[in-house]
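Work through the two exercises below with the sequence and the model open beside you, and try each task before you read its solution.

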Amino acid sequence: MMKKVKVYIVLFLIGCFSFGGMYYVSATKERAKATVKKEEVNLNFTTVPTQLYQELLTAEDQAVLIDVRISGELVSGKLKDAINIDVTSGSFETELVKLDKTRPYFVYSAIGDRGERAMNIMKKLGFSEVYNLSGGIREWKLEGEEVVK
């Protein structure tokens, strides 16, 4: 299942690079394999749109969902089962080192920028797989996805 999901990521990235950042994908699976090598694009650390984020999250049994917003932002809702580790706090990296670096992680923020920051910190710390939600929880809500209070 993960192989299929990673192919979707490759196709997404080809669409982004080929069509000026639009989420349009027209490449076939074979073309994606021939065009993008895993060494050229690190698919384990990427920002993905809502639908793909949800598909990846659902496909991963061991996935850990992390809301990297400040605690005051949680009143507007969060994704179900998300834990909160504030990327702007001084203890962010200390909290991360307590986690299993081999599990897949899904991070998100309000609009995606702090999620990107968290993903890059996690990459630096040696995590093996981290995905950031493009547009953050704002985009998640705009697409009608569920949040809990």
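**Exercise 1: the two sides of a helix**

In helix H3 (residues 50-59), Thr50, Leu52, Tyr53 and Leu56 are buried, where buried means under 20% relative accessible area, exposed over 50% and partly exposed in between (1.4 Å probe, protein chains only). Helices (H or I, at least four residues) and strands (E, at least two) are DSSP runs, numbered from the N terminus. This is a predicted model, in which local features need pLDDT of at least 70 and side-chain atom pairs count only at pLDDT 80 or more, while totals for chains, interfaces and linings use all residues. Residues are numbered from 1 along each chain as its sequence is written, and side-chain values use heavy atoms, with hydrogens and water left out.

Task: explain why the buried residues lie on the same side of H3.

Solution. The buried residues cover an arc of only 165° around the axis, which puts them on the same side of H3; the arc is that of the directions from the helix axis to the C-beta atoms. On the other side of H3, Gln51 and Thr58 are exposed.

**Exercise 2: the ring pairs of Tyr53**

Task: find which parts the pair of Tyr53 and Phe106 ties together.

Solution. Rings of Phe, Tyr and Trp (its six-membered ring) pair if their centres lie within 6.5 Å, with planes under 30 degrees apart counted as stacked, over 60 as edge-to-face and the rest as tilted. The count by this rule is four aromatic pairs. One of them, Tyr53 with Phe106, is edge-to-face, at 5.4 Å centre to centre and 90° between the planes. Because Tyr53 lies in helix H3 and Phe106 in strand S4 (residues 104-108), this pair ties together parts that are 53 residues apart in sequence.
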